[in-house]
Amino acid sequence: MATAADRFNINSQLEHLQSRYVGTGHADTNRFEWAVNIHRDSYASYFGHHPMMQYFALAENESIGRVKYNMMQKMLLPCGLPPERDEE
């Protein structure tokens, strides 16, 4: 059985994790923001692993520099324009 202290401890750890790492989200994160974080994290990982960039360049029949440039452009708006929010 979880006590009230255990639940408080778990919630405080989760809040600390969410404040430290942006991509973990929070209660107000919507679907679009979550998808943008996932796409940007993926592109950042690809940049960090040169063999992945070589693979993408080979698959697209482009130079590695061109593939990096295209991915950098995609990082600006990876999921397109954000949806319009309802004003309350």
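**Helix H3 and the nonpolar core**

In helix H3, which spans residues 50-60, the buried residues include Met53, Phe56 and Ala57. These three cover an arc of only 100 degrees around the axis, which puts them on the same side of H3. The model described here is predicted. Its chain has 4 helices and 0 strands, and H3 contributes the largest share of the largest nonpolar core, namely 3 residues.

**Overall architecture**

- From the N terminus on, the elements of the chain follow the order α-α-α-α.
- Of the 88 residues in the chain, 11% are buried.
- Among contacts between residues at least 6 apart in sequence, 50% join residues at least 24 apart.
- The chain exposes about 7500 Å², and carbon and sulfur atoms supply 56% of this area.

**The two sides of helix H3**

- The buried residues of H3 pack against two helices, H2 (31-48) and H4 (64-76).
- On the face turned away from the buried side, H3 carries the exposed residues Pro51, Tyr55, Leu58 and Ala59.
- Asn61 follows H3 and has a positive phi, near 55 degrees.

**The largest nonpolar core**

- This core consists of 6 residues: Tyr43, Met53, Phe56, Ala57, Val67 and Met71.
- The elements that give two or more residues to this core are H3 and H4.
- Val67, a member of the core, touches Met53, Phe56 and Ala57, and also Glu60 and Glu62, when residues up to four places away in sequence are not counted.
- Met53, Phe56 and Ala57 thus recur in this description: they are buried in H3, they belong to the largest nonpolar core, and they are among the residues that Val67 touches.

**A nonpolar patch on the surface**

- Leu14, Leu17 and Tyr21 make a nonpolar surface patch of about 270 Å².
- Tyr21 lies in the loop between helix H1 (4-20) and H2.
- Tyr21 counts as partly exposed because its relative accessibility is 42%, and the partly exposed class lies between the limits of 20% for buried and 50% for exposed residues.

Note on methods
Residues are numbered from 1 along each chain as its sequence is written. This is a predicted model: local features need pLDDT of at least 70, side-chain atom pairs count only at pLDDT 80 or more; totals for chains, interfaces and linings use all residues. Side-chain values use heavy atoms; hydrogens and water are left out. Buried means under 20% relative accessible area, exposed over 50%, partly exposed in between (1.4 Å probe, protein chains only). The arc is that of the directions from the helix axis to the C-beta atoms. Contact means heavy atoms within 4.5 Å. A nonpolar core is a set of buried Ala, Val, Leu, Ile, Met, Phe, Trp, Tyr and Cys residues joined through side-chain atoms within 4.5 Å. Patches are made of residues with over 30% relative accessible area and no salt bridge: like charges are joined within 9 Å, nonpolar side chains (Val, Leu, Ile, Met, Phe, Trp, Tyr) within 5 Å. Accessible areas come from the Shrake-Rupley method with a 1.4 Å probe; for residues, only the protein chains shown count as cover. A salt bridge is a side-chain nitrogen of Lys or Arg within 4 Å of a carboxyl oxygen of Asp or Glu.
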